[in-house]
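Me: Could you walk me through some helix packing and surface details of this one? I'd like the reasoning along with the values.

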Amino acid sequence: MPVRDALSALLVMLVWGMNFVVIDRGLAGVPPLVFVALRFAVVLLALPFVARPEAPLRRVLAVGVCMSLGQFGLMYTSLAVGMPPGLASLVLQAQAVLTVGLAALVLGERPLRVQLLGVGVGVVGLAVVALGRGGSVPAVALVLCVLAALSWATGNVLVRRLRVPGGLGLTVWSALVVPLPALGLSLLVDGPAVVGHALTHLTTVNWLSTAYTAVLASLVGYGIWNRLLERHPASDVAPFTLLVPPVGMLTAWLADGERPTALAVGGGVLLVAGVALVTLGPRWRARRVLREARRATLPQVRGSGAGRV
């Protein structure tokens, strides 16, 4: 991968990693589901400029229910009830591990042994994170964050069944299902008075956070990411996502002084290692098969030329 594209991928990881602290800041005074509605209402402003995915609209909306409404509704709520943003950036990466399991159950995909190992390591790491989350992290916040990862993983499986490029077009068009349902759920959960007060008292921080999450994280981030996937194999691009948790945790430490417990850090290392095995496992196996094939043909090539003068 050229240096310019590698730097573009690193930029996206920086934007996505910092996104958790930005969201946490933007939730001040705003119910989480209202904030989700605001984010995707801004995303929908790009609708006239982005081509619709070549798939039935109902399936595109189903992706939006899981990948946008479900994932971000649960994640924003998790942050609102006490999930530290740095730890959230780590736990949410469990989606890669969960995707392998769901794809095996729903799509009949057979994971490689190295990926199964990664799933096991990731599950153990997630359990260790749960045990070492510390008294300041409510259990309900951790459960909601894991459910957000599960919703994301379900969306991944739906995208695979859809068999269309899952880039910017899918992100924008699937957002059709987010703003009104999220706002409606907030009216039921938080009440009209709370929602009305939040919408009429939005601060500069709320708007800046919305702009960051909608424009930078969603539109610019996915725009660059989709271009990279068009230029390079997914196996070369996907591993960059392993940088999101370190960036998220570093940003949370610098911005909020967030310091996870030693047990949570240890579990996080295991979780990232599991995600690395799941993500990089097929690439490692392909390289090994290629090396073995070359070794098998090398003696034959040498033997065929042995009798020549």
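Reply: Sure, here are a few questions and answers on this predicted model.

Me: How do α2 and α9 run relative to each other, roughly parallel or roughly antiparallel?

Reply: Helix α2 covers residues 32-43 and helix α9 covers residues 179-190, with axes 8 Å apart. Their packing angle is about 165°. Angles over 145 degrees count as roughly antiparallel, so α2 against α9 is roughly antiparallel.

Me: And what is the handedness where α1 and α13 cross?

Reply: The axes of α1 and helix α13 (residues 244-256) come within 8 Å and cross at roughly 40°. That angle makes the pair oblique. As for the handedness, the crossing of α1 and α13 is right-handed.

Me: Which residue does R25 meet in a salt bridge?

Reply: The count of salt bridges comes to one. It links distant parts of the chain, 231 residues apart, with R25 sitting in helix α1 and its partner in helix α13. R25 itself is partly exposed, at 38% relative accessible area. The N to O distance is 2.7 Å, and the partner is D256.

Me: Is L7 buried or exposed?

Reply: L7 lies in helix α1, which spans residues 3-26. On the surface, L7 joins V3, L10 and L243 in a nonpolar patch with about 360 Å² of accessible area together. The relative accessibility of L7 is 53%, and the cut-off for that class is over 50%, so L7 counts as exposed.

Notes:
Residues are numbered from 1 along each chain as its sequence is written. This is a predicted model: local features need pLDDT of at least 70, side-chain atom pairs count only at pLDDT 80 or more; totals for chains, interfaces and linings use all residues. Side-chain values use heavy atoms; hydrogens and water are left out. Patches are made of residues with over 30% relative accessible area and no salt bridge: like charges are joined within 9 Å, nonpolar side chains (Val, Leu, Ile, Met, Phe, Trp, Tyr) within 5 Å. Accessible areas come from the Shrake-Rupley method with a 1.4 Å probe; for residues, only the protein chains shown count as cover. A salt bridge is a side-chain nitrogen of Lys or Arg within 4 Å of a carboxyl oxygen of Asp or Glu. Helices (H or I, at least four residues) and strands (E, at least two) are DSSP runs, numbered from the N terminus. Buried means under 20% relative accessible area, exposed over 50%, partly exposed in between (1.4 Å probe, protein chains only). Axes are lines fitted to C-alpha atoms, for helices over the stretch in contact, and angles run from 0 to 180 degrees between N-to-C directions. Angles under 35 degrees count as roughly parallel, over 145 as roughly antiparallel, 65 to 115 as roughly perpendicular and the rest as oblique. A crossing is left-handed if the near helix is turned anticlockwise from the far one by less than a right angle, and right-handed if clockwise.
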